[in-house]
Amino acid sequence: MSVLQDARSVGLVRKQFRTFGSAEEPLMLECGRTLGPVEVAFETYGELNADRSNAILILHALTGDSHAAGYFSEEDKKPGWWDVLIGPGKAFDTEKYFVICSNVIGGCQGSTGPRSINPATGEPYALDFPMVTIGDMVEVQRRLLDDLGIERLHAVAGGSLGGFQALEWALRYPDRVGAVLCLAAGPRLSSQGIAFNAVGRHAIVSDPKWNKGRYYGSDTPDKGLATARMLAHITYLSEASLERKFGRKLQWADRLSYDFVTEFAVESYLEHQGKKFIERFDANSYLYLTKAMDYYDVSQQYGPLEEAFSRVSASFMAVSYTSDWLFPTSQSREVVSALKRNGKDVTFIELDSIHGHDAFLLEADQMTRLVRSFLTKTDTVNHVKRVADRNGRREIVFRPPANGKRRLPFGL
């Protein structure tokens with residue numbers, strides 16, 4: 001079937017760009033340095049409604065990008081990374097919502113990052129690129145939304161690094177977010193997670209071709225980056241999923257080689273993942289984004305979790321997965337407990353899945369049901385829009401749903 005004939009696909013899409021700041025008026029980063037101009041790559045799906053109240057911001061994971069749904073051409077073999085959830089009639093229904101996904105700064109898929117040209121030198125930034133944080137990523141997204149004329153988001157949604165960004169949106173801009181879907185994430189990365197990131201970065205910088213980050217225009221540190229990806233990919237899976245898919249199967253033969261060659265199927269699979277990864281990702285971006293992930297800590301930025309989440313006004317849904325050992329359920333429970341102690345509207349689900357950390361990308365049916373149910377609830381609540389009138393009173397304004405049927409919000 002042609003991508004143009006699939007009624008549940010957003011079809012052909014295009015990457016868009018916005019530029020913010022300049023060398024004279026740069027963006028101030030949390031590390032104390034500045035960056036400007038800053039270019040942001042993003043895609044949108046669906047239509048923004050008249051009062052600009054139906055926007056949902058999708059936040060990608062560590063090695064994701066702005067291409068969350070649809071196809072760039074009819075010849076594309078694969079759609080965007082969350083295409084199973086974004087489109088007409090899908091969980092993020094583009095007949096109802098205006099969906100936005102941008103590439104984070106520090107990335108390598110169109111937004112300003114280490115391989116972008118430094119206007120001061122005319123050469124790629126490489127390690128002259130400043131350290132960026134989750135907060136910096138959200139600040140750039142906020143500027144993008146301002147540029148699009150969107151004052152308040154109906155929802156933000158993301159998993160893993162995207163879940164960190166979703167939390168940061170709720171904490172940094174509580175009045176601009178109506179709902180938060182935080183998937184496979186928590187208030188911080190564990191010491192084990194930091195350790196895996198550190199080994200991945202070590203693999204990259206130990207590659208002779210890394211050349212202290214100045215490899216642009218010459219041989220790239222492919223071996224180091226592929227090894228980093230292979231290591232990280234193990235953390236995204238589970239023992240059960242690896243055992244079910246590969247077990248101890250040999251890839252090419254029916255007997256052991258008694259040599260140091262790739263022979264187990266799982267070895268071949270990881271090598272394949274590494275080879276695919278170096279075709280689309282920049283090694284320096286991997287260094288910067290894993291460091292941003294290491295640095296994120298809600299308590300360090302906003303105080304103890306109960307105090308931090310007292311500022312939240314959004315409805316929350318937190319989802320964890322039984323086999324996720326990178327962000328185990330205990331991390332989600334910390335967020336949920338802090339929200340509950342503050343009397344916030346929060347839903348928590350632990351999904352039974354063998355897919356490990358990647359479950360938020362792979363459990364399409366379960367995720368569709370959960371997201372659709374949560375957004376239906378928030379749609380109903382958002383039909384009642386509380387606004388302060390000129391006399392300082394709070395008035396309730398009913399905004400009927402798109403199908404014309406009026407439903408009362410919960411609690412009224």
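This is a guided tour of one structure, stop by stop.

**Before you start**

The model is predicted, so local features are given only at pLDDT of at least 70 and side-chain atom pairs only at pLDDT 80 or more, while totals for chains, interfaces and linings use all residues. Residues are numbered from 1 along each chain as its sequence is written, and side-chain values use heavy atoms, with hydrogens and water left out.

Some terms recur on the way. Helices (H or I, at least four residues) and strands (E, at least two) are DSSP runs, numbered from the N terminus. Buried means under 20% relative accessible area, exposed means over 50%, and partly exposed is in between (1.4 Å probe, protein chains only).

**Stop 1: a cis bond and a positive phi**

Select glycine 36 and proline 37. The peptide bond from glycine 36 to proline 37 is cis, with omega near -5°. Proline 37 sits in the loop between β3 (34-35) and β4 (38-45).

Move on to arginine 52. This residue is in the loop between β4 and β5. Its phi is near 55°, a positive value in a residue other than glycine. Arginine 52 is partly exposed, at a relative accessible area of 37%.

Now jump to tyrosine 258. Here too phi is positive, about 55°, although the residue is not a glycine. Tyrosine 258 lies in the loop between α5 (239-245) and α6 (265-278). With 76% relative accessibility, tyrosine 258 counts as exposed.

**Stop 2: aromatic rings**

A pair of aromatic rings is described by the distance of the centres and the angle of the planes. Rings of Phe, Tyr and Trp (its six-membered ring) pair if their centres lie within 6.5 Å; planes under 30 degrees apart count as stacked, over 60 as edge-to-face and the rest as tilted. The count by this rule is 15 aromatic pairs.

Select tryptophan 82 and phenylalanine 360. Their ring centres are 6.5 Å apart and their planes stand at 80°, so this pair is edge-to-face. Tryptophan 82 is in the loop between β5 and β6, and phenylalanine 360 is in helix α11 (residues 359-362), so the pair ties together parts that are 278 residues apart in sequence. Tryptophan 82 and phenylalanine 360 are both buried.

Next, pick phenylalanine 277 and phenylalanine 281. Their ring centres lie 4.9 Å apart with planes at 15°, so this pair is stacked. Both of these phenylalanines, 277 and 281, are buried.

Then add Trp81 and Phe92 to Trp82 and Phe360. These four form one aromatic cluster.

**Stop 3: salt bridges**

Side chains of opposite charge can pair when their charged atoms come close. A salt bridge is a side-chain nitrogen of Lys or Arg within 4 Å of a carboxyl oxygen of Asp or Glu. How many salt bridges does this rule give? The count comes to 17.

Select arginine 18 and aspartate 147. Their side chains meet in a salt bridge of 2.5 Å, N to O. Arginine 18 is in strand β1 (residues 16-20) and aspartate 147 in helix α1 (residues 134-147), so the pair ties together parts that are 129 residues apart in sequence. Arginine 18 is partly exposed at 26%, and aspartate 147 is partly exposed at 42%.

Are aspartate 83 and lysine 90 buried or exposed? Both are buried. Their side chains meet in a salt bridge (3.3 Å, N to O).

Go to lysine 377. This residue forms a salt bridge with aspartate 345, the closest N and O atoms being 2.8 Å apart. The pair links distant parts of the chain, 32 residues apart: lysine 377 in helix α12 (residues 364-382), and aspartate 345 in the loop between α10 (329-341) and β14 (346-351). Aspartate 345 is partly exposed, at 32% relative accessibility.

Now select a whole group: Glu30, Glu139, Arg142, Arg143, Asp146, Glu168, Arg172 and Arg176. A network of salt bridges links these residues.

**Stop 4: a contact across the chain**

Select glutamine 331, in helix α10. Glutamine 331 is buried at 6% relative accessibility. Add alanine 185. The C-alpha atoms of glutamine 331 and alanine 185 are separated by 7.1 Å, with their positions 146 residues apart along the chain.
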